Amino acid sequence: MATGGAPFDVLSSLDPETFAGESRAVINFLAEYYCDVETYPVQPQSLPGCLRALLPDAPPENGEPIDVILEEVRSHIVPALTHWQSPKFFGYFPMNASTAGFAGEMLSTGLNVVPFMRAASPAATELESAVVDWMGKLVGLPDRLLFSGGGGGVLHGSTCEAVVCTLAAARDRALSRLGHEGILRLVVYASDQSHSTFQKGARIVGIPRSNFRVIRTSAASGYGLTTDSVRDAVEADVASGLVPLYLCATVGTVRDLGELARRHGMWLHVDAAYAGSALICPEFQHHIDGAELADSVSMNPHKWFLTNMECCCLWVASPAALTSALSTNPEYLSNVTEESAGAGVVDYKDWQIALSRPFRAMKLWVVLRRYGGAGMRAYVRRHVEMARWFEQELKADGRFEVVAPTRFSLVTFRLRPGHDGDGDGLNRRLLVAVNASGRAFMTHFVVDGKFVIRMAVGGAMTEMQHVQDTWELVREKAEEVGALP
């Protein structure tokens, strides 16, 4: 039999020597990329199809060396990426990477276990249970949401999954008393600033589109839900014979909404996807006041907690409510060992949509071990300081207005309208000019009918100088697009 050579490398695809050598090549490639990432335009000016035109129509018949593959990554792929790890990336939301996060990801991927149930990998299951309790304590959650207090947590891939799972749990809890036909009466409530996946999740679990309430917010409430606006919507639905099912609150709006949810038997979910990382700092923990009233809370360490994609913590007060909606028990997955069949054993397949799952706990555990609570608090506070500096510069320049107070590290702003009154057009042009420069990248949203620019500070490599440079860029482009002095 022929041996050796690229066509036959697959026959020894986990050869330790090859593994070590090629892994070093990838690490060296990434280290070089991080050294150079600031030199790339943050968002490429790439036309649709630019990469596809460089790729062959079919995969290779014979394998190729890793150095050839990495060279094509360098020449074909990297130039057409939006560089989320650039220190000048301020769009959408932070999407952190770190040395510890990468090390944890390597360990998770390298060990490559599939801990969908305890029997499939006991240490992975138990590490996950411990890590979600650690995180819950760091962000100041009440004991009832932790395993140590009768609740519990799981690591999902994204807020989207956490939302669908909790919606399914809330739905089944309600239908157990209403009967299946009652699904047409169930109503879900969220603000116009909430995670868009709440609408998608509601549709997935069978809630009629007409039964999703998008409740408007305003500057007067800091663009958070008010109890009065939710109460009005809920009472109108109850008067029409509908059944309030699920309410999404964000940090800073929990207590009053929690009390309203309890009065109407609604499931209260607290979405702390981004801001949850800030809750590790005592000065921000008042924003989660009332969390003891929540049925579930979610936050994403992959956004602002130095944990590489993907990692979303979901905590629930009643694990039974979640697992009763999601569990399946085919015989081939039965735990047959005596020690794994007892009460209190966590099988994470019953806490999520999919059966298979990665060893996410390893990644978050390494981040927590490597940086610790004190290190992470310093990291968060640094970004908050940068954002507040940027906000103060905006306030000192009469051409700009700050749309909402900067609570964490997200700055929302716009140019004041010119003589023609076309503020939206002016701000669109400003955002396009900033992003086209390649020297920074931001995104926008619409609130109160206004086009607003968002600057989300939170990159692992972002320093104050990058924020200051971005402010000079914004000022420069504001002049170019015709902002009034």
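1. A helix here is a DSSP run of H or I with at least four residues, and a strand is a run of E with at least two, each kind numbered from the N terminus. Counted that way, the chain of this predicted model has 13 helices and 11 strands. Its radius of gyration is 25 Å, close to the 23 Å that the globule rule gives for 485 residues, so the chain is as compact as a globular protein of that length. If you like to picture a box, the C-alpha atoms fill one of roughly 75 × 65 × 45 Å along the principal axes.

2. Let's start with the seven-stranded sheet. This sheet is open, its strands come in the order 1-7-6-5-4-2-3, and the pairing is mixed. At the edges you will find strand 1 (152–156) and strand 3 (212–215), each of which pairs on one side only. From one strand to the next, the twist averages 20°.

3. For a close look at one pair in that sheet, try strand 5 (residues 267–271) and strand 6 (residues 296–299). These two run parallel and are joined by three bridges. Val270 stands opposite Val297 in strand 6.

4. A helix also covers part of this region. Helix 6 (residues 197–204) lies across strand 2 (186–191), strand 3, strand 4 (243–250) and strand 5, and runs at about 170° to strand 3.

5. Now move along to the other sheet. Four strands make up this open sheet, in the order 8-9-11-10, with antiparallel pairing. Its edge strands are strand 8 (400–404) and strand 10 (443–447), each pairing on one side only. Neighbouring strands are turned by 40° against each other on average, direction ignored. Strand 8 pairs with strand 9 (residues 410–415) over four antiparallel bridges, and Val402 has Phe413 in strand 9 as its bridge partner.

6. Which strands does helix 11 lie across? Helix 11 (residues 360–396) lies across strand 8, strand 9 and strand 11 (450–456), at about 20° to strand 9. Helix 13 (residues 464–480) also lies across strand 8, strand 9 and strand 11, running at about 120° to strand 8.

7. Finally, a helix pair. Helix 1 (residues 16–36) and helix 2 (residues 66–77) pack at about 20°, with their axes 10 Å apart. Angles under 35 degrees count as roughly parallel, so helix 1 is roughly parallel to helix 2. Their crossing is right-handed. Glu22, Ala25, Val26, Phe29 and Glu32 of helix 1 meet Ile66, Leu70, Val73 and Arg74 of helix 2. The residues of this contact divide into six nonpolar, no polar and three charged.

Notes: Residues numbered from 1 in each chain as written. Predicted model: local features only at pLDDT ≥ 70, side-chain atom pairs only at ≥ 80, totals over all residues. Heavy atoms only, no water. Pairing = 2+ DSSP bridges. Axes fitted to C-alpha atoms, helices over the stretch in contact; angles between N-to-C directions. Contact = heavy atoms within 4.5 Å. Parallel < 35°, antiparallel > 145°, perpendicular 65-115°, else oblique. Left-handed = near helix turned anticlockwise from the far one by under 90°. Nonpolar A, V, L, I, M, F, W, Y, C, P; charged D, E, K, R; others polar. Rg over C-alpha atoms; globule rule 2.2 N^0.38 Å.
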